[in-house]
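This report walks through one protein chain. It takes up a helix, two single residues and the spaces between atoms.

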Amino acid sequence: MALIAFLGSRPGFLLLAALTIAAYGSLGWYTHERGSAIDLGLLMPFLPLLALPSLVVAVSLVRKAAAVSLSTIFVVGVLLRAVFLGHDPLLSDDVYRYLWDGRVQVAAGQPYGIAPADPRLDHVEELWDDHVRELVNHPEIPTVYPPLLQLLYAGVAHVGGGLVLWRVVLLLFDMGIAVVMVRALRSRGRNPCWVVLYLWHPLPIIETFWSAHAEGVAVFFLLVAVTALQLGRGIVGAVALALGGVAKLLPFGLVPFLVRRFGWTMVLIVGLAALVPMIPYVDVDWSAATEGLDKYAEGWYFNDVLYRFLGYAIGIDPEDRTLTSTQILRKSMQAAWVVVCLWAAWRLRDPFRAALWVTAAFVVLTPTLHPWYLLWLLPFAIVVGSRAGYLITVTVLMSYVAKAGQLDSGVWEEATVVRVLEYVPVLGLLLWDTFTARVSEPPAAVPAEPLSEQPSG
């Protein structure tokens, strides 16, 4: 109690912030100095622990003990990211595909339908001296990234930028997410300082800035859309959903909720807004452009919550992509996600809870669950107050044990015990919170208004 009170004071908060920055700085320095010789397995227990400082600040907020300003929380959040600015990614190499796609657009035109390994792109590498092409993973597969991201990649390449500039772009979107979260928290009557759970969280720091994944761009637009829907601004929500959907496809899962709340005219607005970023790619052969995405959807799997468990339970081999039954299972999981999206649109009135269901369903149903996929869930779990949703964004970092094995032995191998440690505590907390909520829930005296009686805005 005394420790919480001290850490909630201004000197205690500043000390905690300094120690947190030092912890991330040590992580960046250590991994940079050791390079490929790093023992990543030793770091796995450390990564989830990086969430503790933000939780301590949050507990102080709950106890009304924290002398914390929003600006200080934001400044510390920026500094926690800045320590990785000059360091190469360690846990993922996806960013090199982004840089390559941008350079292809500058030197050769369209990035779609042609793999990085194609000899026709040999001249692209000659225009830069950092050999990005050699670092692209799966160079035999064409790009899978949608038009809005491709425009950003091209923009970075056009000004001669590389990894550092791309990180600056991501930092702007990441801070944008935090700013919109503050607005959302206030609109729901919650303390805006809860945004510390995002700004100091190891997941966006590691995945959005250090590994430089592009998810933050689409998450920003999805969060803007959901916040706009909560405030009754249907057109803003529709445009933001469209932009998020042409960065990554997941935001389109909220379109049924948008239609249910504001009417079918919103579909037209979404469609028109989605077409704008696609104009530069109007002459693309989309059957060729989606080749890489098709390969991803048909065969990849990793760290899944339900996919392989369900496959083995019904007697098929979910790891054999050549089986018709496996493809049926994959399509069934996709269909199940669509059903959840429709259910959320029909049954839920709160757009943040609808977004929580849509993103959580994606997490549970996808055959491939990389840690950065949890960036979709994190903002909504914090705004809504889902403890289980927040917990899985921390425990998912343990899945990097597979990466540790790859660096050590060259073999990418998952450990069952890791998935147990990731998901069993989350399931236990979810069941506990559901049980206690039902026990303490008072009986409803007045039926809720049907959604159809809400003003169309």
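Which residues of α15 are buried? They are V255, F257, L258, V259, R261 and F262. The model is predicted, and every value below is computed from it.

**The chain as a whole**

The chain holds 25 helices and zero strands. It has 457 residues, and 52% of them are buried. Take the contacts between residues at least 6 apart in sequence: 75% of these join residues at least 24 apart. The accessible surface is about 20,500 Å². Carbon and sulfur atoms account for 67% of that surface.

**Helix α15**

Helix α15 covers residues 255–262. Six of its eight residues are buried, so the helix is largely enclosed by the rest of the structure. One of the buried residues is charged, namely R261. The cover over the buried residues comes from several helices, including α13 (215–230), α14 (234–245) and α16 (265–275). Helices α20 and α21 also belong to that cover. After α15 comes G263, with a positive phi near 100°.

**Two buried residues**

A218 sits in helix α13. Is A218 buried or exposed? With a relative accessible area of 0%, A218 is buried, because the cut-off for that class is under 20%. Leaving out residues up to four places away in sequence, A218 touches G244, A247, K248, P251 and W376. F173 is 45 residues from A218 in sequence, yet their C-alpha atoms are 9.1 Å apart.

T368 lies in the loop between α21 and α22 (378–384). Its relative accessibility is 3%, so T368 also counts as buried. What does the side chain of T368 reach? It reaches the backbone nitrogen of Y301, at 3.3 Å.

**Pocket and cavity**

The second largest pocket holds about 1,300 Å³ of space. Of the 36 residues that line it, A360, A388, G389, V426 and L430 are the closest to its centre. Five helices each supply at least two lining residues: α19 (307–313), α20 (324–347), α21 (351–365), α23 (387–395) and α25 (416–440). Which helix gives the most to this lining? That is α25, with twelve residues.

A search of the whole structure turns up one cavity of 30 Å³ or more. This largest cavity contains about 50 Å³ of space. Ten residues line it, and N303, S399, E414, A415 and V418 lie nearest its centre. Helices α24 (401–409) and α25 each supply at least two of the lining residues. Here too α25 has the largest share, with three residues.

The table sets out the two linings by residue class.

| Lining | Nonpolar | Polar | Charged |
|---|---|---|---|
| Second largest pocket | 23 residues | five residues | eight residues |
| Largest cavity | five residues | two residues | three residues |

Some helices recur in these sections. Helices α20 and α21 help cover the buried residues of α15, and each also supplies at least two residues to the lining of the second largest pocket. Helix α25 gives the most to the pocket lining and the largest share of the cavity lining. Helix α13 carries A218 and is among the elements that cover the buried residues of α15.

Definitions and conventions: Residues are numbered from 1 along each chain as its sequence is written. This is a predicted model: local features need pLDDT of at least 70, side-chain atom pairs count only at pLDDT 80 or more; totals for chains, interfaces and linings use all residues. Side-chain values use heavy atoms; hydrogens and water are left out. On a 1 Å grid over the protein atoms alone, a cavity is a set of points where a 1.4 Å probe fits but cannot get out, and a pocket is an open set with protein on both sides within 12 Å along at least five of seven lines; lining residues have an atom within 4 Å of a point. Grid points are joined across faces, edges and corners, and a volume is the space filled by probe spheres set on the points. Helices (H or I, at least four residues) and strands (E, at least two) are DSSP runs, numbered from the N terminus. Buried means under 20% relative accessible area, exposed over 50%, partly exposed in between (1.4 Å probe, protein chains only). A polar contact is a pair of N or O atoms within 3.5 Å; within protein, one must be able to donate a hydrogen and the other to accept it, and residues adjacent in sequence count only if both atoms are side-chain atoms. Contact means heavy atoms within 4.5 Å. Accessible areas come from the Shrake-Rupley method with a 1.4 Å probe; for residues, only the protein chains shown count as cover.
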